[in-house]
Every structure is written in structure tokens, then in C-alpha cells.
Amino acid sequence: MEQKTALITGASRGLGLALARALASEAWTLIIDSRGSEDLEAARAELAALTSVVAIPGDVRNEEHRRELAGAARDEGGLDALINNASILGPSPQPALLDYPLDALEEVYRANTLAPLALIQAARSELKPGARIINVTSDAAAEPYEGWGGYGSSKAALEQLTNILAAENPDLRVYRVDPGDMCTRMQQEAFPGEDISDRPLPEESVPGLLELLTGDLPSGRYEARALIHINEG
Ligand SMILES: NC(=O)c1ccc[n+]([C@@H]2O[C@H](COP(=O)([O-])OP(=O)(O)OC[C@H]3O[C@@H](n4cnc5c(N)ncnc54)[C@H](OP(=O)(O)O)[C@@H]3O)[C@@H](O)[C@H]2O)c1
């Protein structure tokens, strides 16, 4: 069987790590990153018991780091999947738009909107025929939740970038995927001081992502947990 390789950003915890664990158990080669090098090393060590893993600490907003990720993809013989999962919420608690510090907003856009496109640009030559791109989005991209104007608008722009990338590249599968609310650090930052233990674990959103990575669904927008129900029914 041909070796499959995925590049997952933000795979030191949360949804990225849950997806990395699932792909590792299917023997996909993994290229992973996060800013925090200790958590990334812990993830690498765990995943390396199952598969080949290249872990590169760094910030997706950094061009040199993106070049390193693309270089690793080349060294591994190309990518079957690029998952732009790394994302930041912005200030916690989230400020209303009229009070939103614009320098903080710029960082949110750089991480959540520009970096995913920039990484696809950097790795474009490494995408194997029929490769899948997943850009992880949110219902906050469309719903007018008070306080979610910074993060939500960054994801709205990401969604439309993804939509048009799909139209411009019919030979690729380009997905924008809402994983749904999950019990992760980002969710805790969004609801500081609240008990978020009622939210589903990120593992519950992984089967839907696997369906997009290995199935035959057309480019488009998907809700990860709704895809699981399609499989069941
Ligand atoms: N949690 C939810 O309820 C929810 C709902 C809808 C959508 N989402 C989306 O789901 C995805 C995963 O979120 P999550 O909840 O799993 O978040 P999380 O627990 O905060 O994990 C985020 C991961 O991304 C990394 N990361 C963040 N900024 C980065 C950067 N600039 N460069 C490189 N790595 C970076 C983090 O590590 P470092 O901090 O060490 O860099 C971590 O590994 C995100 O795209 C998020 O927007 C989440």
C-alpha cells in the first residue's frame, strides 16, 4: 500500500492531536507543529510509537516555519492531506468589536486566515494528485454571537478562501469543516471560569475528518459530527 502522509498544524493538543492519534493508528506518516515545543515533543513521542512523525515547533504565522513544514513534506515524498487546524481565539475574555484592540485582531487574522492560505501556497508543489486540504472553521464564522467578532470574522474569511480555492482547484478536494464545540483549551479560553466539561471531546469530531480524508466527498463545507451520522445511517 502506498505510504500516506498528512501535515497537521496545531497537533500538540485538542482536535489536532486527536486527529494525529487516529491517523497514526492507521500508519499515516505525520508532520506536526505547534508553538509550544514541550507539548509538541510529548505528542511526537507518543505518536512515534505508532508511526513515523516529524515534529517541527514553530508559529504558523512565521514564513520560515511554513517553509520548514513544506520542506518536511517534500522530504516525505509529498502530502496526501494538509490540515490547517492551528488557530487562536484572541483575547480572553473576547472583547466586543467596538473595543477590540486592532493589533490583537491583526494577529487573529494572521493566524486563522492568512497562515492557512500561506501554508497551502508554500506546500502546493508537495500536494499529491487528489490530495485533501481541510481548513478547520467554526459556526462562529456565520452566527452573530456577541463577543465572537474577531475570531468569527477570521473564520468567515477562511471559509470563503477555502470555498474559492476549491473552485479554482477542481483536481484537489478542499474542505472547510466545522468540528462543533469541543472540550479543549480554546473552548475554555472562550468561556473563562465556566465548566465546559459538557462539551464533547475532540475525539468525537475525528471520524468525520477521517471520512473527508479517506472517502470520496466533493469539496465543500461540512460539519464533522454530522458526517459521522451519515456514516451510521
Ligand atoms: N474547541 C472548540 O469548541 C472549537 C469549535 C469550533 C472550531 N474549533 C476549531 O478547531 C481547531 C482546533 O481547536 P482546539 O479547540 O483543538 O484548540 P486548542 O486546544 O487550543 O489547540 C490548538 C492547537 O494549535 C496550536 N497552535 C495555536 N496557534 C498556533 C500557531 N500560531 N502556530 C502553530 N500552532 C498553533 C496549539 O499549540 P500552541 O498553543 O503550543 O501553539 C495547539 O496545538 C481550531 O481551528 C479551532 O478554531 C474549535
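User: How far does a backbone N or O atom of Gly-10 lie from an oxygen atom of the ligand?

Analyst: This is a predicted model, and the distance is computed from its atoms. A polar contact is a pair of N or O atoms within 3.5 Å. A backbone N or O atom of Gly-10 pairs with a ligand oxygen at a distance of 3.4 Å.

User: How much of the ligand's accessible area does the protein cover?

Analyst: On its own, the ligand has 890 Å² of accessible area. The share of this area covered by the protein is 96%.

User: How many residues surround the ligand, and which are the closest?

Analyst: The ligand has 31 residues around it. The closest are Ser-12, Arg-35, Tyr-151, Thr-184 and Gln-187.

User: What distances separate the polar side-chain atoms of Ser-87 and Tyr-151 from an oxygen atom of the ligand?

Analyst: Both residues use a polar side-chain atom here. For Ser-87, the distance to a ligand oxygen is 3.3 Å. For Tyr-151, the distance to a ligand oxygen is 2.5 Å.

User: Where does Gln-187 lie, and is Gln-187 buried or exposed?

Analyst: Gln-187 is part of helix α6, residues 185-190. Leaving aside neighbours within four places in sequence, Gln-187 is in contact with Asp-181, Met-182, Ile-196 and Arg-199. Buried means under 20% relative accessible area. Gln-187 has 8%, so Gln-187 is buried.

User: Which backbone nitrogens lie 2.9 Å from a polar atom of the side chain of Thr-9?

Analyst: Thr-9 sits in the loop between β1 and α1. Its relative accessible area is 1%, so Thr-9 is buried. Beyond four places in sequence, Thr-9 touches Asp-33, Val-60, Ile-83, Asn-84, Asn-85, Ala-86 and Leu-119. The backbone nitrogens at 2.9 Å from its polar side-chain atom belong to Asn-85 and Ala-86.

User: Why does the span of helix α3 agree with its number of residues?

Analyst: Helix α3 holds 13 residues, 63-75. At 1.5 Å a residue, the helix should span 18 Å. The end C-alpha atoms agree with that, because they are 18 Å apart.

User: Which residues of α3 are buried, and what covers them?

Analyst: The buried residues are His-65, Arg-66, Leu-69, Ala-70, Gly-71, Ala-72 and Ala-73. Several elements help to cover them. These include β1 (5-8), β2 (29-32), β3 (53-55), β4 (79-84) and α4 (102-123).

User: What is found at the start of α3 and just after α3?

Analyst: At the start, a side-chain oxygen of Asn-62 comes to within 2.9 Å of the backbone nitrogen of Glu-64. Just after the helix comes Gly-77. Gly-77 has a positive phi of about 90 degrees.

User: Which residue has a positive phi although it is not a glycine?

Analyst: The residue is in the loop between α1 (14-25) and β2. Its relative accessibility is 42%, so it counts as partly exposed. Its phi is about 65 degrees, and the residue is Ala-27.

User: Which peptide bond is cis, from Ser-92 or to another residue, and where is Pro-93?

Analyst: Pro-93 has its place in the loop between β4 and α4. The omega of the cis bond is near -5 degrees. The bond runs from Ser-92 to Pro-93.

User: How far apart in space are Ala-167 and Lys-128?

Analyst: Ala-167 belongs to helix α5, residues 149-168. Its relative accessibility is 62%, so Ala-167 counts as exposed. Ala-167 and Lys-128 are 39 residues apart in sequence. In space, C-alpha to C-alpha, the two are 18 Å apart.

User: How many helices and strands are in the protein chain, and what is its radius of gyration?

Analyst: The chain has 8 helices and 7 strands. The globule rule gives 17 Å for 233 residues, so the chain is as compact as a globular protein of that length. Its radius of gyration is 17 Å.

User: What percentage of the residues in the protein chain is buried?

Analyst: The C-alpha trace spans about 55 × 45 × 35 Å along its principal axes. The chain exposes about 11,000 Å², and carbon and sulfur atoms supply 51% of that area. Of the 233 residues, the buried share is 49%.

User: Among contacts between residues at least 6 apart in sequence, what percentage joins residues at least 24 apart?

Analyst: A contact here means heavy atoms within 4.5 Å. Of the contacts between residues at least 6 apart in the protein chain, the share joining residues at least 24 apart is 67%.

Note on methods
Residues are numbered from 1 along each chain as its sequence is written. This is a predicted model: local features need pLDDT of at least 70, side-chain atom pairs count only at pLDDT 80 or more; totals for chains, interfaces and linings use all residues. Side-chain values use heavy atoms; hydrogens and water are left out. Helices (H or I, at least four residues) and strands (E, at least two) are DSSP runs, numbered from the N terminus. The expected span of a helix is 1.5 Å times one less than its number of residues. Buried means under 20% relative accessible area, exposed over 50%, partly exposed in between (1.4 Å probe, protein chains only). A polar contact is a pair of N or O atoms within 3.5 Å; within protein, one must be able to donate a hydrogen and the other to accept it, and residues adjacent in sequence count only if both atoms are side-chain atoms. The radius of gyration is taken over C-alpha atoms; the globule rule is 2.2 Å times the number of residues to the power 0.38. Accessible areas come from the Shrake-Rupley method with a 1.4 Å probe; for residues, only the protein chains shown count as cover. A residue is near a molecule or strand if one of its heavy atoms lies within 4 Å of it.
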